[in-house]
Amino acid sequence: MNNNLQFHPETLSVRAGSESTPYGENSEAMFLNSSFRFESAAQAAARFGGTEPGNIYSRFTNPTVTMFQNKLAALEGAEQCVATSSGMSAILACVMGLCSAGDHIVASRSIFGTSVQLFGNILKRWGLDVTFVSLTDASEWQAAATAKTKLFFVETPSNPLTEVCDIRLLADIAHQAGAHLVVDNCFCTPAIQRPLALGADIVIHSATKYIDGQGRCLGGAVLGSKVLMEPVYAFLRTAGVTMSAFNAWVFLKGLETLHVRMEAHARNALALATWLESQPQVSRVHYPGLKSHPQHALAMSQQLSGAGIVTFEVKSSAGKTAQESAWALIDSTQLISITANLGDAKSTITHPATTTHSRVTAEARAAAGISDGLVRIAVGLEHIEDLKADLALLTR
Ligand SMILES: *Cc1c(COP(=O)(O)O)cnc(C)c1O
């Protein structure tokens with residue numbers, strides 16, 4: 001069975017992309033081999049020449065990786081998926097495949113810190129021009145686009161403030177400018193949001209997060225039309241930012257349970273966000289599933305739920321600065337893991353200003369609304385009452 005869209009998304013999660021060998025295994029096989037044998041010199045020549053389809057070498061394609069790609073493509077409604085060694089290499093492959101020196105990218109200011117470094121620092125040295133604009137102000141995107149603009153790049157909801165952009169509107173602006181809209185769909189996954197159906201051209205994933213779901217492996221993916229993915233794949237097979245077959249197998253298993261996990265993450269996150277809103281030591285909660293979120297209506301028109309990330313401001317109290325109060329809360333937890341990863345069954349807690357966003361200047365942090373009292377929780381699958389109890393410091 002392949003990318004058969006007659007099925008519901010939950011069924012695609014479990015079944016799409018699966019292939020089996022003559023042994024008839026019911027769980028996908030892990031192909032841990034670097035190269036593939038040919039029946040003859042003529043067949044080798046045909047494979048290398050591209051006149052006969054089939055595997056050659058695992059830097060190019062591997063059956064386990066192909067199954068992962070086909071499953072994720074079915075879930076995102078994409079013609080093609082290119083799996084990569086990490087989320088960052090997915091972004092790199094996307095840009096290297098679709099841009100050249102002298103080209104221009106418009107990117108949201110509220111993207112993953114390492115993505116800011118990649119665009120604004122490394123790729124800039126290679127002649128790529130990048131303009132950072134507000135995620136939520138469409139007029140800034142319109143004004144920033146030039147004749148050289150190839151890509152618009154967003155994350156929605158954003159990290160850590162869960163701001164949301166109008167995907168359809170930004171896609172229209174990108175297309176009028178002759179550019180493509182790229183959406184990093186890491187926070188939602190296709191179980192909650194399908195950007196291509198909303199007009200985006202390319203979807204990026206860090207499979208490391210919810211696609212794995214249990215914090216085991218690094219991986220990524222780029223998805224879109226065959227035409228757009230061809231140069232992305234050409235870069236990957238040459239540069240070697242390939243996903244390992246072992247990791248692809250882990251992600252295949254992760255995708256089978258994606259829908260039930262994302263529902264559970266979102267249910268816990270909404271319950272925690274609602275509870276946080278009524279705690280005396282919390283001044284503000286950022287969660288798209290809350291009615292108090294400034295873009296709640298837009299978020300709910302694009303997303304099936306608010307997803308799993310909740311961010312909130314801890315009040316400075318008892319002679320402590322905001323940072324000291326936030327750190328005291330983080331250090332008081334017994335259950336929740338102090339780590340910046342997200343998408344794990346285990347809830348994680350982090351202080352963005354001194355970790356994920358510490359390389360951003362204090363002024364840029366302030367402009368982005370990342371205050372010293374801000375705490376981010378990637379809500380896991382533990383019982384909600386145990387998570388609340390672990391944050392008891394907020395109730396005092
Ligand atoms: C983690 C993350 C990435 C980078 O993914 P890696 O797998 O760590 O390379 C990119 N975008 C977002 C939104 C992320 O959370």
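## Around the ligand

In this predicted model, the ligand is surrounded by Ser86, Gly87, Met88, Phe112, Glu155, Asp184, Cys186, Ser206, Thr208, Lys209, Leu218 and Gly219, where a residue counts if one of its heavy atoms lies within 4 Å. By class, this shell holds four nonpolar, five polar and three charged residues. Here Ala, Val, Leu, Ile, Met, Phe, Trp, Tyr, Cys and Pro count as nonpolar, Asp, Glu, Lys and Arg as charged, and the others, including Gly, as polar.

## Polar contacts and burial

Let's look at the ligand's oxygen atoms, taking a polar contact as a pair of N or O atoms within 3.5 Å. A polar side-chain atom of Lys209 sits 2.7 Å from a ligand oxygen. Ser206 places a side-chain N or O atom 2.9 Å from an oxygen of the ligand, and Gly87 offers a polar backbone atom at 2.9 Å from a ligand oxygen. On its own the ligand exposes 380 Å², and the protein buries 92% of that (Shrake-Rupley method, 1.4 Å probe).

## The largest nonpolar core

Now to the protein's interior. The largest nonpolar core has 37 residues, and those touching the most other members are Phe68, Leu72, Ile211, Leu223, Met243, Phe251 and Leu255. Such a core is a set of buried Ala, Val, Leu, Ile, Met, Phe, Trp, Tyr and Cys residues joined through side-chain atoms within 4.5 Å, with buried meaning under 20% relative accessible area. Helix H3 gives the most to this core, seven residues.

## Reading the numbers

Residues are numbered from 1 along each chain, and side-chain values use heavy atoms, without hydrogens or water. Local features need pLDDT of at least 70, side-chain atom pairs count only at pLDDT 80 or more, and totals for chains, interfaces and linings use all residues.

Definitions and conventions
Polar contact = N/O pair within 3.5 Å; in protein donor to acceptor, adjacent residues only side chain to side chain. Buried < 20%, exposed > 50% of the residue type's maximum accessible area, 1.4 Å probe, protein only. Helix = DSSP H or I, 4+ residues; strand = E, 2+ residues; numbered from the N terminus.
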